[in-house]
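Hello,

Here is the structure we talked about. Please open it first, then read the notes below.

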Amino acid sequence: MEKIIAWWKEDNRGKTLVKALFLALLPVFCCVVYCAAQGFTIGQVYLPASEWNDELFYYKQVEGIIHYGYPQGYFGFNESHALKLSFAAWSPVLVFPWIIWGLIFGWNLMSPIYCNIFLMVFCCFLFVWLVRPAWKQLGILALLFCLYTPFVRYMLSVMPEVICFSMLIIFYSLAVNYLRREKVYKLVLLFLMAGTMTLMRPYLALFLLLPAFLWIRKSGWKGAAGAFAVLTAVVGVYAGIKHYLGAEYFAPLFFTDWVAAFFEQGLLGGIRFTLGKLYYMGRDFLNHMRQGFSTGLASGAFFASYLVCMLVLAVQSIRDGRRLRRKQNLIRKTALGNEEKELKVRFITEVHLALSFFAMLFALLLMYKLTEGSKHLLTFMAAAIFITALMETKFYKKAAVLGVTFAYFFFYMGLDPYDYQVPFVREERRASLEEWEDTLSGRLKLKEENVPNYENVVIWVFNDTVEGTDVNTQWQLLYALPKGFGISCCMPDYVMEHFDTIQSRYLCVVPGGPVEEKCIRAGYEKITEQENAVLYQRY
C-alpha cells in the first residue's frame with residue numbers, strides 16, 4: 001500500500017489527473033456547444049442527413065463485419081470487388097475501433113459518433129497523463145482545440161479521420177514519454193502504433209521513421225537492421241491487404257506516373273517530369289489557397305492552415321536546434337539537465353513532425369487529387385496542435401498564429417454546409433428512411449450460401465439525367481438496407497453500357513431517368529420509391 005501511495009505522489013500524479021480530466025472533457029464540451037449553437041443535441045445528429053457519401057460505405061461495411069464477420073454482399077465500384085471477402089477500396093484496418101465498439105455496445109446510427117467522441121476523450125486524457133503539460137500549455141492546447149473545428153465535425157460523423165487523429169496524438173504522447181524515460185516496451189508500442197497506422201493509410205508510414213530513428217540511436221546497426229525488417233514487414237502486409245482485400249476504385253487512389261517516368265524517360269527525363277508535375281500541381285495548390293482566403297473553399301482552407309502549421313514547426317525546430325548546439329559542450333561534459341533534456345525531447349518530436357509535413361506535402365502534389373487529398377492533411381494538423389502547445393514560448397506567438405489562422409478559415413470563412421455543417425435530424429428524411437426499412441425488411445433477404453455474392457448487392461447508380469437536369473440518387477436511403485448487404489456504387493454510363501450483363505440483384509436509381517426506363521422495359525420489379533430513389537429487383 002505504501003508503494004502505491006508513493007507512486008501516486010511521485011511527479012504530482014494527483015494534479016496530473018485533474019489536468020487529464022479537464023482536457024478529456026474538452027471534446028465532449030466542444031460537441032455539446034456546437035450542437036447547442038445550432039439548436040440541437042448530440043443525440044439529434046443524424047447520419048442519413050449527411051451529404052458525405054463515403055460515410056454510407058463505412059457504416060454499412062462495419063455493420064456487416066459486426067454481424068457476420070464480413071459483409072455478405074460485395075462493396076465496390078462499377079461492380080468491382082476484392083479478390084477475397086467483400087470490402088471496398090480502403091483497408092478494413094482503418095475502422096477497427098468502430099468494430100470493437102460495435103461488438104461491445106452494438107451498432108446503430110449513433111455508435112460511430114459516440115465511439116469517435118470516446119476516442120478523442122481517451123487520447124486527450126492519455127496525452128496529459130503521458131506528457132504532463134504545464135497549466136499554460138494546457139490552456140494553449142484547449143484554445144487551439146476549440147478553434148480547430150474539424151475535431152468536432154469529424155467526431156460527429158462516420159468518417160475515420162478521428163481514428164487517425166487520436167492514434168497519432170497518442171503516438172506522439174508516447175514518443176515524448178519514451179524520450180524522457182526510455183523503456184523497451186514503449187519503443188515496442190511505438191512500432192505497433194505506427195505499424196497499425198500504416199496499415200490504415202499508407203502515407204502514415206512516415207511515423208514508422210520515428211521509432212526507427214530511436215531504435216538506431218539506441219542500438220546502432222542492430223537497431224537499423226531491426227527497423228528495416230519491421231518497415232519491410234509492415235509495407236508487405238499493407239500490400240497484401242491492398243491486393244487481396246481492396247476493391248478497384250473508379251480511378252487510381254494515388255498516382256505513380258512520376259515514378260514510371262524514371263523508367264520510361266531515364267533519370268533526367270524523370271526529374272524533368274517530376275519537377276513539371278510539382279510546378280503545375282503547386283500552381284493548382286496555390287489557386288485552391290487563394291479561393292480558401294476569398295471564398296472559404298474547404299480544400300484551400302486546409303492547404304493554407306497546413307502550410308502555417310508546417311512553418312511553425314520548421315521555425316521552432318530550427319530555433320531549438322540552435323539552442324541545443326549552443327549547449328553541446330555542456331551536454332558532453334555532464335549529464336543532461338532537466339531543461340536540456342526537455343529541449344531535446346521537443347526538438348526530436350518537432351523535427352520529425354516538420355519533416356513528415358514536408359514529405360506529405362510532396363506526396364499530395366505528386367500522388368493525390370488535390371480536393372480528395374486535402375482531408376488527409378487534417379490528421380497532421382491535429383498532431384501539430386498538440387506539439388505546438390508544448391513549445392517553449394514567451395509571448396505565445398506561434399500559438400497565436402495558429403489560433404488566428406484557424407479562427408479565420410474555420411469560423412469566419414468556414415460556412416459551406418457541405419464541408420462544415422453537422423447533419424442533424426430532418427423529419428421528412430427520417431420518415432422516408434423508416435418507410436424504406438419497413439419495406440426492405442420484408443422484401444430483401446440475404447442469401448447465406450456461397451457468400452459473399454452478388455445476390456446480396458444493391459447497385460447504387462450515382463446519378464442520372466432527368467429532363468436535361470443531372471440528378472443525384474438519394475443514396476442516404478440505402479442506410480435502410482438489411483444488415484450484411486453490399487453496395488456497389490456505379491456510374492450511369494457503366495450501367496447503361498453493361499445493362500444486360502450486370503450481376504447485382506438490385507438497382508437503386510433516379511426516378512424518371514434513362515436507367516429507370518431500361519429497368520421498366522426489362523420488366524424489373526419495383527420494390528419501393530421515396531424522394532429521388534427507386535429500388536428495383538432484377539430477378
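Is C146 buried, partly exposed or exposed? C146 is partly exposed, with a relative accessible area of 30%. Keep in mind that this is a predicted model.

Cysteines

Start with the sulfurs. The structure holds zero disulfides. Two cysteines show why. The sulfur of C146 has its closest cysteine sulfur in C30, at 3.7 Å, and that is too far for a bond. A disulfide needs the two sulfurs within 2.5 Å. For C35, the closest cysteine sulfur belongs to C31 and lies 6.4 Å away, so no bond forms there either. The setting of C35 is buried, with a relative accessible area of 1%.

Largest pocket

Next, the space. The largest pocket holds about 1,300 Å³. Its lining takes in 49 residues. Nearest the centre of this pocket lie D54, Y249, E372, G373 and K375. Several helices supply at least two lining residues each: helix 3 (54-68), helix 7 (150-155), helix 11 (221-245), helix 13 (298-326), helix 16 (370-373) and helix 19 (417-420). Helix 11 gives the largest share, four residues. By type, the lining of the largest pocket divides into 32 nonpolar, nine polar and eight charged residues.

Second largest pocket

The second largest pocket holds about 910 Å³. It is lined by 34 residues. L126, W129, L130, L174 and N177 lie nearest its centre. Five elements each supply at least two residues of this lining. They are helix 2 (13-37), helix 4 (96-105), helix 5 (111-131), helix 8 (161-180) and helix 9 (184-200). The lining of the second largest pocket splits into 22 nonpolar, four polar and eight charged residues.

Salt bridges

The count comes to 14 salt bridges. Three are worth a look on screen.

Take E427 and R430. Their side chains meet in a salt bridge, 2.6 Å from N to O. Both sit in helix 20 (residues 427-443), and because they are three residues apart, about one helical turn separates them. E427 is partly exposed, with a relative accessible area of 49%. R430 is partly exposed too, at 31%.

Then R426 and E428. This pair meets in a salt bridge at 3.4 Å, N to O. R426 is partly exposed, with a relative accessible area of 32%.

Last, E455 and R505. Their salt bridge runs 3.8 Å from N to O. This pair links distant parts of the chain, 50 residues apart. E455 sits in the loop between helix 20 and strand 2 (457-461). R505 sits in the loop between helix 21 (492-497) and strand 6 (506-509). E455 is partly exposed, with a relative accessible area of 21%. R505 is buried, at 18%. The line between the two classes is 20%.

There is also a network. Salt bridges with shared partners join E182, R217 and K218 into one.

Where to look

For the pockets, centre the view on Y249 for the largest and on W129 for the second largest. For the salt bridge that links distant parts of the chain, go to E455 and R505.

Best wishes

Methods:
Residues are numbered from 1 along each chain as its sequence is written. This is a predicted model: local features need pLDDT of at least 70, side-chain atom pairs count only at pLDDT 80 or more; totals for chains, interfaces and linings use all residues. Side-chain values use heavy atoms; hydrogens and water are left out. On a 1 Å grid over the protein atoms alone, a cavity is a set of points where a 1.4 Å probe fits but cannot get out, and a pocket is an open set with protein on both sides within 12 Å along at least five of seven lines; lining residues have an atom within 4 Å of a point. Grid points are joined across faces, edges and corners, and a volume is the space filled by probe spheres set on the points. Ala, Val, Leu, Ile, Met, Phe, Trp, Tyr, Cys and Pro count as nonpolar, Asp, Glu, Lys and Arg as charged, and the others, Gly among them, as polar. Buried means under 20% relative accessible area, exposed over 50%, partly exposed in between (1.4 Å probe, protein chains only). A salt bridge is a side-chain nitrogen of Lys or Arg within 4 Å of a carboxyl oxygen of Asp or Glu.
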